[in-house]
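Me: I have a structure here and some labels that go with it. Please explain where the labels come from.

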Amino acid sequence: MEVKLKREADTEKYNPKKVYIREDMIAATSVLQIRASEIRQSQINWQSYLQSQMITQRDHDFIVNLDQRGQKDLPDKNPEACADVFLNLLTHISKDNTIQYILVLIDDILSEDKSRVKIFRNARHGNVWQPFLNLLNRQDEFVQHMTARIIAKLACWHPQLMEKSDLHFYLSWLKDQLKMNAEMVSAELEHAEKVMLEHEKHNFSEKHTKHQKEKNGDDADPSQEKYSSLYTSFDVLKSHQDLPPGLHKNNDYIQSVGRCLQMMLRVDEYRFAFLSVDGISTLLSILASRVNFQVQYQLVFCLWVLTFNSLLAEKMNKFNAIPILADILSDSVKEKVTRIVLAVFRNLIEKPEDPQVAKEHCIAMVQCKVLKQLSILEQKRSDDEDIMNDVDFLNERLQASVQDLSSFDQYATEVKSGRLEWSPVHKSAKFWRENAARLNERGQELLRTLVHLLEKSRDPVVLAVACYDVGEYVRHYPRGKHIIEQLGGKQRVMYLLSHEDPNVRYEALLAVQKLMVHNWEYLGKQLEKEQIDKQAGGTAVGAKA
């Protein structure tokens, strides 16, 4: 797939409109690109900056020749002057409109020829990153995001890596922007859904439909009226006016942020830097929320390139990546999203150097019902070769892992996934007799996960099954009650006695009873054992006499 992407990227000669679409991997209506096209039509009065002594004569002559006299080869003819002039302009000019124009010029210069990044990277202007990093703090959103785009190109298209402190600052900024904009997108989607539900309620009720039939006649098409009303309702809303405070800010640049990350994370050395700023957990927390398919695609693409590093591929499911991606695969209606999720799954099996980790990833996928989705995709038979190759590969590996799977492996995977359900293993007395003690392995990892689910989960089924498992553990393991109390499990189970769901209350009550009864059974066994020992002792003394 990587080769395919590169081949597509290298087939065409530079064309301003096309290259932007390809590089952003988004529609031609990208906010950043539309705004850039508008800014290109501007006319900057460079003479006024010269007269006010904000720029030097040399800077003025160079920018006028490049911008207004059509000398587009100036960056190649005089690279040192080019870097100095642009960095001077960014440093000495403060007007937003002019800064926007300068950034568009720089981006065009780099887009025409990737090798031109050396003009800026080899500049004698001290720290070349500082003028750009400073612009990330500006209030103007276009300035921020065009700057971020330029930084990504400078960092990725030159063999010399970005310095560590500058890289950390830049990646942290991208992560924060992604998080902030994703929250806004999620809120807007929620708002849109509320609007639709409200109009469904008010406009499409039985009473309303009956009234419309009387008004328009029996032959009127109700669906046409329904959708017409819905369109009208959105038109009336005005731009973001009903959104909660703080959500009026334009969040249409989230795809630009995603594109910067797509570029940066292709460079292996930048991947661990992204991990160090908590980037992977941020990507997955956003993917677990409500975002549109384009953002989904871009963020899963970021995970895909991250998993080409074997160590990161091994760590990925510690961030709960497989359950989140399995949900996206299940809900996906876009082929590009399906393709990239399958590619991540394949890397999670192929790339880890530790076979045990690859096996655990297979089991986790089985637990998250990926086999069912693969079966559906197999029946559809997509024309996309990448999709079908990955479907075949994953099917083969997951089916093999199912055959080797013990009941305890199934149970452990289910608990680690956090998606407990009433699978047969929970209700098997044989399973608990043979495996209760194994829940203490790896520092009681599975028990700690169960207690964590009792505290954090909002799913009634998960809570009910977790309560049942805690009860079965203490029933079959002699010291189980003491361990569960130490981990805080007893408190959590007792708290759930007042849960709103009746099944959760019932399983919590049974678990509490097992926690209490277990003590009496243990005490009874101890008394019985002491009595037998006394009798045996008395018999031995009598025999000696």
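Reply: The questions below take up confidence, exposure, a surface patch and backbone angles.

Reply: This is a predicted model, in which local features need pLDDT of at least 70, side-chain atom pairs count only at pLDDT 80 or more, and totals for chains, interfaces and linings use all residues. Residues are numbered from 1 along each chain as its sequence is written, and side-chain values use heavy atoms, with hydrogens and water left out.

Me: How do you know where confidence is lowest and where it is highest in the protein?

Reply: By pLDDT, the predictor's confidence in each residue, from 0 to 100. The lowest mean, 35, belongs to helix 2 (residues 16-24), and the highest, 96, to helix 21 (residues 335-350). Helices here are DSSP runs of H or I with at least four residues, numbered from the N terminus. For the protein, the mean pLDDT is 82, with 77% of residues at 70 or more.

Me: Over residues 2-29 and residues 541-545, how many contacts beyond four places in sequence does the model have?

Reply: A contact means heavy atoms within 4.5 Å. Residues 2-29, where pLDDT stays under 50, have 46 such contacts. Residues 541-545 also stay under 50 in pLDDT, and the model has 0 for them.

Me: Why is Met-494 called partly exposed?

Reply: Buried means under 20% relative accessible area, exposed means over 50%, and partly exposed is in between (1.4 Å probe, protein chains only). Met-494 has 41%, so it is partly exposed. This residue lies in helix 30 (residues 489-495).

Me: What makes the nonpolar surface patch?

Reply: Met-494, Leu-497 and Leu-509 make it, with an area of about 240 Å². Patch residues have over 30% relative accessible area and no salt bridge; nonpolar side chains (Val, Leu, Ile, Met, Phe, Trp, Tyr) are joined within 5 Å, and like charges within 9 Å. A salt bridge is a side-chain nitrogen of Lys or Arg within 4 Å of a carboxyl oxygen of Asp or Glu.

Me: Why does Phe-308 count as partly exposed?

Reply: Because its relative accessibility is 27%, Phe-308 is partly exposed. Phe-308 sits in the loop between helix 18 (293-306) and helix 19. Its C-alpha atom is 9.1 Å from that of Pro-352, 44 residues apart along the chain.

Me: What is the phi of Asn-320, which is not a glycine?

Reply: Asn-320 has a positive phi of about 65 degrees. Its place is the loop between helix 19 (310-315) and helix 20 (321-331). At 30% relative accessible area, Asn-320 is therefore partly exposed.

Conventions:
Helices (H or I, at least four residues) and strands (E, at least two) are DSSP runs, numbered from the N terminus. Accessible areas come from the Shrake-Rupley method with a 1.4 Å probe; for residues, only the protein chains shown count as cover.
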